[in-house]
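I opened this notebook to record what I looked up in the model, one topic per entry. The entries follow the order in which I consulted the structure.

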Amino acid sequence: MTDLSKYRNIGIFAHVDAGKTTTTERILKLTGKIHKIGEVHDGAATTDFMVQEQERGITIQSAATTCFWKDHRFNIIDTPGHVDFTIEVYRSLKVLDGGIAVFCGSGGVEPQSETNWRYANDSRVSRIIYVNKLDRLGADFYRVVKQIKTVLGAKPLVMTLPIGAEGDFVGVVDLLTRKSYVWDDTGLPENYKVGDVPASMKDEVEKWRGEMIEAAVEQDDEMMAMYLDGKEPALEDIKRCIRKGTIARAFFPTYGGSSFKNKGVQLVLDAVVDYLPDPTQVDPQPEIDLEGNPTGGFAIVDPNGPFRGLAFKIMDDRFGSLTFTRIYSGRVSKGDNVLNTFTGKTERIGRMVEMHANDRTMIETAQAGDIIAIVGLKNVRTGHTLADESNPATLEPMVFPAPVISVSITPKDKANSEKLSTALGKMVAEDPSFHVEVDQESGETILKGMGELHLDIKVDILKRTHGVEATVGEPRVAYRETITKTVEDSYLHKKQTGGSGQYAKIEYRIEPQPAGTGFVFESEVVGGNVPKEFVPAVEKGFEVMMSKGPLVGYPLVDVKVVLTDGGFHAVDSSQLAFEVAAKAAFRQSMPKAGPELLEPIMKVDVFVPDANVGDVIGDLNRRRGIISGQEPTPTNVRIRAEVPLSEMFGYIGDLRSNTQGRGQFTMEFSRYASVPKNILEKVKEQVKEREAALAKK
């Protein structure tokens with residue numbers, strides 16, 4: 001049986017371009033998993049194996065790999081940094097025990113760093129911090145440490161100090177051992193010398209070392225008492241305290257280095273072994289019933305327990321469908337039957353593989369703590385639980401955000417239509433933030449995603465990977481509708497067509513609800529004026545109509561319908577009659593309830609040279625943006641704003657022309673807000689034009 005104390009399930013996450021994938025490459029080289037380092041900018045990184053990743057120099061999907069360091073097994077997931085793909089970070093963090101948060105030495109705590117840190121907090125993941133790119137112009141280790149405190153509200157526990165800065169960065173001092181690690185100019189990771197602390201740094205090293213030990217011994221009363229008596233605990237005792245505090249997320253051991261120049265990565269690997277938890281040391285996964293209610297049980301990490309596995313990613317490749325699974329409890333072998341608790345169906349485990357990016361090694365058995373890929377599962381989707389047939393349980397599922405942008409896609413001919421349908425089925429299974437629906441009226445296929453880049457990549461995959469020839473429409477915003485007034489009303493549905501007729505009378509109240517509530521239905525009927533068996537039909541009638549609001553026809557959200565009274569006929573009343581009455585009541589009353597159109601507002605962070613700040617702010621104002629702040633960084637100015645998504649299409653082109661190509665921005669969904677009247681009229685016109693164009697077809 002494998003020793004679980006030697007397992008480390010870790011993720012590497014950060015803002016785009018902070019050096020996650022480069023750091024992963026260095027880890028794979030140091031652990032002997034690869035023999036030649038591939039660079040991101042050359043499109044040769046091991047974990048960036050999609051064509052789209054290699055061309056753009058960004059990570060799009062998380063990649064899993066396994067390697068070994070000092071007799072410890074690392075299951076590593078390299079995650080994307082771009083905001084459109086944060087879903088990959090979220091679902092990876094959900095199944096990991098620890099993480100390495102990478103920050104750029106010059107960029108510091110950037111917008112996506114904040115989002116990823118929040119996800120890691122929500123998933124209760126222990127982390128170590130790695131400040132990368134300390135050889136870059138403008139890099140400042142101490143400023144980044146300060147930002148981690150002020151921006152993230154976290155407590156960094158500084159473990160190494162940089163020797164030299166920017167172009168003169170040569171290595172680090174390990175505060176624990178008071179030893180310096182200095183690399184030569186060959187760029188080879190193994191070419192370093194361990195020596196004493198440089199004389200010019202001795203005072204600084206003692207200051208930071210004292211702070212580190214103080215924070216560590218707070219985790220143990222006995223060590224604290226010894227330290228207060230003036231005795232320094234032994235090195236192993238300090239490390240034990242740091243491990244305890246890291247697992248409890250009381251602080252985050254913080255290291256510095258330059259992955260590209262191969263400086264400092266070994267100490268980060270040692271920290272993974274010394275301070276991040278093994279699978280048995282994290283909070284066990286809570287089990288829930290099929291309605292989503294906690295059962296009080298937990299999936300305890302134990303190879304001898306009942307089998308529990310969480311499918312956290314589906315990937316389609318030339319060998320078939322791969323289901324990435326984190327095993328929380330028990331063990332599974334090739335040929336076993338397991339229960340998918342979401343579908344209630346049994347799945348047979350065929351081939352199981354250990355992943356190394358897009359290469360794989362066949363395995364016969366796996367146990368609690370492992371992250372594996374299972375080949376050929378038929379009906380498993382992201383977030384489904386695989387469990388022991390004789391002792392089933394469901395693990396807490398994943399919750400994914402709703403898409404905010406859509407495009408229409410029209411296949412060139414019938415052959416491409418069939419290809420499109422097959423390809424979209426696979427892509428939806430792989431990515432829970434990518435939605436596909438067919439507009440019932442127009443027959444158009446609509447793709448929905450988290451941003452322009454997200455949909456660009458999806459269309460590119462359709463065309464190149466799946467060979468689909470199709471025309472893609474302009475991006476559209478996912479508007480919503482809601483109401484602003486409470487309305488009390490009644491509706492009588494009475495129809496006589498010879499023989500039995502239809503009769504249903506309902507009295508109801510429609511109320512606006514707080515944002516994010518969705519649709520709520522309640523019945524206050526007493527005395528049987530509307531028999532209980534007809535109440536669900538009233539709810540269904542209203543709920544079906546919510547997909548098309550009264551204003552422009554976008555989905556209606558945050559509405560409560562209360563059935564207050566009604567009437568029925570002993571012969572002519574039926575579920576159908578009450579459902580029809582509810583639908584007609586919706587059409588009658590919603591226009592009276594002060595309907596308004598809502599648009600997605602995006603949180604936008606723009607990084608621009610100082611000289612271009614005025615032009616960029618002026619451009620954001622023209623886009624109906626509200627500037628929430630600006631702050632200088634070592635190399636540029638960060639402008640924070642909230643801007644309607646409809647105004648951000650094509651923004652990258654304008655930003656580049658306003659900044660001579662030096663500006664960058666990130667954008668993520670913030671909230672929905674009401675649309676001004678002039679914009680409402682524009683949206684109505686767009687919808688009319690679209691409907692007219694479809695009518696001509």
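I count a residue as buried under 20% relative accessible area, exposed over 50% and partly exposed in between, with a 1.4 Å probe and protein chains only. I note that this is a predicted model, in which local features need pLDDT of at least 70, side-chain atom pairs count only at pLDDT 80 or more, and totals for chains, interfaces and linings use all residues. Residues are numbered from 1 along each chain as its sequence is written, and side-chain values use heavy atoms, with hydrogens and water left out.

**Entry 1: positive phi**

I looked up Asn262 and found it buried, with a relative accessible area of 6%. Its phi is near 65°, a positive value in a residue other than glycine. Most residues other than glycine have a negative phi. Asn262 is found in the loop between β11 (252–256) and α9. For these labels I rely on DSSP runs numbered from the N terminus: helices are H or I of at least four residues, and strands are E of at least two.

I then turned to Lys133, which also is not a glycine and has a positive phi of about 60°. Lys133 lies in the loop between β5 (126–132) and α5 (141–150). Its relative accessibility is 13%, so I enter Lys133 as buried.

**Entry 2: a four-stranded sheet**

I traced an open sheet of four strands in the order β7-β8-β9-β10, with antiparallel pairing. Two strands pair if DSSP finds at least two bridges between them. At the edges I found β7 (160–163) and β10 (192–195), each pairing on one side only. Neighbouring strands of this sheet are turned by 20° against each other on average, direction ignored. Within the sheet, β8 (residues 171–174) and β9 (residues 179–183) pair over four antiparallel bridges. I noted Ser180 in β9 as the bridge partner of Val173.

Helix α9 (residues 265–275) packs on the sheet and touches β7, β8, β9 and β10, its direction making about 130° with that of β9. By contact I mean heavy atoms within 4.5 Å. Axes are lines fitted to C-alpha atoms, for helices over the stretch in contact, and angles run from 0 to 180 degrees between N-to-C directions.

**Entry 3: nonpolar cores**

I define a nonpolar core as a set of buried Ala, Val, Leu, Ile, Met, Phe, Trp, Tyr and Cys residues joined through side-chain atoms within 4.5 Å. Which residues have the most contacts inside the largest nonpolar core? I listed Phe74, Ile100, Phe103, Met212 and Ile242, in a core of 69 residues. Helix α9 supplies the largest share of this core, eight residues. A second, separate core has 45 residues, including Val407, Leu462, Met648 and Leu680.

I followed Ile100 further: leaving aside neighbours within four places in sequence, its contacts include Ile10, Ile12, Phe13, Val268 and Val272.

**Entry 4: two helix pairs**

I checked α12 (residues 535–545) against α13 (residues 575–589) and found an angle of about 40°, with the axes 7 Å apart. Among the contact residues are Val538, Phe542 and Met545 of α12, and Phe578, Ala582 and Phe586 of α13. The two helices α12 and α13 are therefore oblique to each other. Angles under 35 degrees count as roughly parallel, over 145 as roughly antiparallel, 65 to 115 as roughly perpendicular and the rest as oblique.

Helix α10 (residues 414–430) packs on α11 (residues 452–465) at about 130°, with the axes 10 Å apart. Here the contact is made by Leu420, Ala423, Leu424 and Met427 of α10 and by Lys458, Ile461 and Leu462 of α11.

**Entry 5: His493, Asn75 and β12**

Is His493 buried or exposed? At 10% relative accessibility, I enter His493 as buried. His493 lies in β31 (residues 487–495). Between His493 and Phe578 I noted 85 residues in sequence and 7.9 Å in space, C-alpha to C-alpha.

I found Asn75 in β3 (residues 72–78), buried at 2% relative accessibility. Not counting residues up to four places away in sequence, Asn75 touches residues including Tyr7, Asn9, Thr65 and Asp370.

Lastly, I inspected β12 (residues 285–288), which is covered on both faces: Gln285 and Glu287 on one side and Pro286 and Ile288 on the other are all buried. Strand β12 pairs in the antiparallel sense with β13 (residues 294–299) over three bridges, and with β24 (residues 394–395) over two bridges.
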